Amino acid sequence: MLHQVRVFALLVALSIAISSTLAFTASPLFSSSTVTSPSLTVRQVVQGNSKGKGYEPKWTKKKTLADEQGSIDSLGFENVGLKGTIPVVFRQGNDTRTSMAWAGQPLRDVATQAGQYIQYGCGKGECGTCECMMNGKWVRPCIETVPATATAEGDLVIQVKAVKSKSKSSGKFFSIRSFLMGFWNNLLGMIGFVKFRKAARKNWEERKAYEDLVRRKAMEKKLAKAQQQNSNNNNNAAPGMA
């Protein structure tokens, strides 16, 4: 019991030392800088928010083809390579995206070419995560196609559900709360180790005894079989000797 107490105290001390060291170590991978404009590179944003630390990343965000040569709004459908007979309009809050499609084309492909994000779940039309409103009717874009009747109805308007995303940015990866929670988790783990150690040992002893019993029974069966075979051989050899 005294040995267990010493081991427990040593583990607690090591946990406190490691957590204290990590709690006051800031990580450069997590910074409070955010990209406010797609035209700005990551290097420019970090330099503007680095507060004179002189940190420069080794990579920069590359511009997309739409950023370099223009998008649908500036060039039009024909000049960007989109073809189709049905104009499709995706609306999500105040954001509107347009594209062209053919009748029978999968709706999720049309959303992809329009740059419209839709949150999918099962991808089989069962969970309903991706449900959208298409011309007053609820549909599931993962399995839905562009209806052929849309050519006579004008624009095919699809209302996409807003995606709620709550995120908090922190300038440091470790905080006081993470330090306390890390210490608490380590403490619970050590308490569980001490608490269930006897039960685990008892379980191991029972399993070992059962394996020994199975081994002994198998050996007895083999010996009985060998004795039976020897007895049969002796009985078969006796008439010949007479």
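**Exercise 1. Which strand do four bridges join to strand 1 (residues 86-92), and do the two run parallel or antiparallel?**

Solution. The model examined here is predicted.

Step 1. Begin with the pairing itself: strand 1 is joined by four bridges to strand 5 (residues 156-160), and the two run parallel.

Step 2. Take one residue as an example. Phe 90 has Ile 158 of strand 5 as its bridge partner.

Step 3. Turn to the pairing with strand 2. Seven bridges connect strand 1 with strand 2, and here the strands run antiparallel. Within this pairing, Ile 86 is opposite Ala 101 of strand 2.

Step 4. Examine the connection. Strands 1 and 2 make a hairpin in which two residues lie between them. Gly 93, in the turn, has a positive phi of about 70 degrees.

Step 5. Consider burial. Five of the seven residues of strand 1 are buried, so strand 1 is largely enclosed by the rest of the structure.

**Exercise 2. Place the strands in the sheet and the sheet in the chain.**

Solution.

Step 1. List the secondary structure: the chain has seven helices and five strands. Read from the N terminus, the elements follow the order α-α-α-α-β-β-α-β-β-β-α-α.

Step 2. Establish the strand order. The five strands make an open sheet, arranged 2-1-5-3-4, with mixed pairing. Strand 2 (95-101) and strand 4 (137-139) are the edge strands, each pairing on one side only. From one strand to the next, the twist averages 25 degrees.

Step 3. Add figures for the whole chain. Of its 242 residues, 17% count as buried. Among contacts with a separation of 6 or more, 48% come from residues 24 or more positions apart.

**Exercise 3. Determine how helix 5 sits against the sheet and which of its residues are buried.**

Solution.

Step 1. Identify the contacts. Helix 5 (residues 107-114) packs on the sheet and touches strand 1, strand 2, strand 3 (132-134), strand 4 and strand 5. The direction of helix 5 makes about 120 degrees with that of strand 2.

Step 2. Name the buried residues of helix 5: Leu 107, Val 110, Ala 111 and Ala 114. Viewed down the axis of helix 5, these buried residues fall within an arc of 100 degrees, so they line one face of the helix.

Step 3. Recall the underlying geometry. An α-helix has 3.6 residues a turn, so residues three or four places apart point the same way.

Step 4. Identify the cover. Strand 1, strand 2, strand 3, strand 4 and strand 5 are included in what covers the buried residues of helix 5.

Step 5. Inspect the end of the helix. Gly 115 follows helix 5 and has a positive phi, near 80 degrees.

**Exercise 4. Is Gln 105 buried or exposed, and which residues is it in contact with beyond its sequence neighbours?**

Solution.

Step 1. Locate the residue: Gln 105 belongs to the loop between strand 2 and helix 5.

Step 2. Apply the cut-off for burial, which is under 20% relative accessible area. Gln 105 has 17% relative accessibility and therefore counts as buried.

Step 3. List the contacts. With neighbours within four places in sequence left aside, Gln 105 is in contact with Val 110, Gln 113, Thr 145 and Val 146.

**Exercise 5. Describe the settings of Gln 159 and Asn 135.**

Solution.

Step 1. Start with Gln 159, which is part of strand 5. Its relative accessibility is 34%, so Gln 159 counts as partly exposed.

Step 2. Find its contacts. Neighbours within four places in sequence aside, Gln 159 is in contact with Arg 91, Gln 92, Gly 93, Cys 132 and Met 133. Gln 159 and Cys 132 are 27 residues apart in sequence, and their C-alpha atoms are 5.7 Å apart.

Step 3. Move to Asn 135, in the loop between strand 3 and strand 4. Asn 135 is not a glycine, yet has a positive phi of about 55 degrees. At 39% relative accessibility, Asn 135 counts as partly exposed.

**Exercise 6. Which residue lies over the face of Tyr 120?**

Solution.

Step 1. Arg 108 lies over the face of Tyr 120, at 4.3 Å from the ring centre.

Step 2. For pairs of aromatic rings whose centres lie within 6.5 Å, the count is zero.

Conventions:
Residues are numbered from 1 along each chain as its sequence is written. This is a predicted model: local features need pLDDT of at least 70, side-chain atom pairs count only at pLDDT 80 or more; totals for chains, interfaces and linings use all residues. Side-chain values use heavy atoms; hydrogens and water are left out. Two strands pair if DSSP finds at least two bridges between them. Axes are lines fitted to C-alpha atoms, for helices over the stretch in contact, and angles run from 0 to 180 degrees between N-to-C directions. Contact means heavy atoms within 4.5 Å. Buried means under 20% relative accessible area, exposed over 50%, partly exposed in between (1.4 Å probe, protein chains only). The arc is that of the directions from the helix axis to the C-beta atoms. Rings of Phe, Tyr and Trp (its six-membered ring) pair if their centres lie within 6.5 Å; planes under 30 degrees apart count as stacked, over 60 as edge-to-face and the rest as tilted. A charge sits over a ring if NZ of Lys or CZ of Arg is within 6 Å of the ring centre and within 35 degrees of the ring normal.
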